[in-house]
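Me: I would like to learn how to read the empty spaces and the charged pairs in a model. Please take the features one by one, with the general idea first and the case in hand after it.

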Amino acid sequence: MTVRLSRYTLILVAVLVMSVYLPDLYWLFFDVKTHSPYLSYSPVDSVFIMSRRSDDGQIFVDVNGNKYERDEYEEKLPFFYYMQLIADGRMPESIHGIKLDPNEIKRNRNMHRIRPHQLDQPLIPLYPLLESESGRVRLEFPEEFFRFKNKRMEFINSVTKRIDEDLTERFTNALVDKGFEFPSKAVFINPTTRKAFDEGCFVVDAKDDLYHVKKAKDQPVVNKTNFPKDISIRSVIVSENVLREYYGVVVSEDNRLFFLTYDDYKPVELPTMGYYDSRHSNVIITTDLFFRQVTIQNNDRIDAFVTDRDYKLLDEYHESWDTRDDYFQGIVAKVIFPFTLTLNDGSTTYVGLFSRWNFPLALIGNIIALIIFIFFLRKEERSYKSAIPELILVAISGLYGLIACLVYIYVPLWRPERK
């Protein structure tokens, strides 16, 4: 009994391992590449213009079908390629009567990329709170790192490894005075010195209120943002930029995007029209002198929205395409692989087992695998009754179970133990 149990355990492990690596091996030989376009909104023609790959190389085209050479494409996007245009002497002096200043173009040009794994990753709950008014040209990392513990905003000196009771008491009292209720639920911060200035961090308290905390001249500055509680916050992508239009991008649990503006922390919803899924979609948010653009990229489609500086929707673009699952290779994969397991599905940086089932197409492959296995059973003159566990396994796991069970039948190591 123990030998049989060990045997079936090894077969089951083999099935699980094959379900991770066999599909990868298959796609290594039969992969189908699909390329999404890179979309931008031309301030010159007020139309979406894109760069996309083709069999003839890189092509540049707008949504009306007009094709451009690379130089023409760059001239249609002067806010993006302004450095190149200035170097070539091709930069226009004005667009639609508005004089262009390179410094203003640079100041208004911002880009934010939000990928699913950014919103679900392991974090060490120790954060640096930079001095926002040090008087120095460059930001510097402090010696102290903070955490929320034991109903305190606790600062730990990274050199002495001791708790800084003075800083801890001052910041904790400042939070309590503003109505903060411990424990905190989430901390959002941009922990880098590679930025023009520092805006501290945003903290969600036990009552789901959002607070803004920063350090100015070694003193706590705490503001209750009064962010609407009916918007459940999944993440705040803090982004300090010289435009000072917004503190960052808020991602909600119901897949909406907001700018958290400098106007009393007012949330401004960005257009997504239900196309955004924070667990699977990549988002690019760009700002320039004229427009705000939101581009949502999924495996099978791209959706883009453009607003003016007052966030009024001006234009949108939608395009979908076949993924590799829709091609012949993908259909074959669904037939021969009833399910696949991956260690990461792209929505998180955590390692786990993520499954994908390919039924009902996989039924075809499973039936074929079962017929092949029965053929070998008859060749070995084994009764169906003695092979019931293997028959069930092959019926469920198809090719994986067939390979594992045939190895059990024909590899000499197993033969002396087989009954």
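Reply: A good entry point is the lining of the largest pocket, to which helix α1 gives the largest share, five residues. The model is predicted, so local features need pLDDT of at least 70 and side-chain atom pairs count only at pLDDT 80 or more, whereas totals for chains, interfaces and linings use all residues. Residues are numbered from 1 along each chain as its sequence is written, and side-chain values use heavy atoms, with hydrogens and water left out.

Me: How is a pocket recognised, and which residues are the closest to the centre of the largest pocket?

Reply: Rolling a probe the size of a water molecule over the atoms shows where empty space is left. On a 1 Å grid over the protein atoms alone, a pocket is an open set of points with protein on both sides within 12 Å along at least five of seven lines, a cavity is a set where a 1.4 Å probe fits but cannot get out, and lining residues have an atom within 4 Å of a point. Points are joined across faces, edges and corners, and a volume is the space filled by probe spheres set on them. Here the largest pocket has a volume of about 1,400 Å³. It is lined by 45 residues, and those closest to its centre are Asn299, Thr323, Arg324, Asp345 and Arg356. Besides α1 (2-30), the elements that each supply at least two lining residues include β20 (292-298), α6 (328-336) and β24 (354-357); helices (H or I, at least four residues) and strands (E, at least two) are DSSP runs numbered from the N terminus.

Me: What lines the second largest pocket?

Reply: The second largest pocket holds about 640 Å³ of space. Its lining has 24 residues, with Gln118, Gln121, Leu123, Phe188 and Ser235 nearest its centre, and two or more residues come from each of β8 (127-128), β11 (186-189) and β15 (233-238). Strand β15 gives the largest share, five residues.

Me: How many cavities of 30 Å³ or more are there?

Reply: The count comes to two. The largest cavity contains about 210 Å³ of space, and of its 20 lining residues the closest to the centre are Ser40, Tyr41, Arg109, Thr286 and Gln293. The second largest cavity has a volume of about 30 Å³, and its lining, which includes Leu270, Thr286, Gln293 and Thr307, takes two or more residues from each of β19 and β20. Strand β20 gives the most, three residues.

Me: How many salt bridges does a search of the whole structure find, and how should I read one?

Reply: Side chains of opposite charge can pair when their charged atoms come close. A salt bridge is a side-chain nitrogen of Lys or Arg within 4 Å of a carboxyl oxygen of Asp or Glu, and the search finds 28 of them. One of these joins Arg356 to Asp325, with the closest N and O atoms 2.5 Å apart. Arg356 lies in strand β24 and Asp325 in the loop between β22 (313-320) and α6, so the pair ties together parts that are 31 residues apart in sequence.

Me: Is Asp325 buried or exposed?

Reply: Asp325 is buried, at 19% relative accessible area, while Arg356 is partly exposed, at 40%; buried means under 20%, exposed over 50%, and partly exposed in between (1.4 Å probe, protein chains only). Glu154, which pairs with Arg147 at 2.8 Å between the closest N and O atoms and with Arg152 at 2.7 Å, is buried, at 2%.
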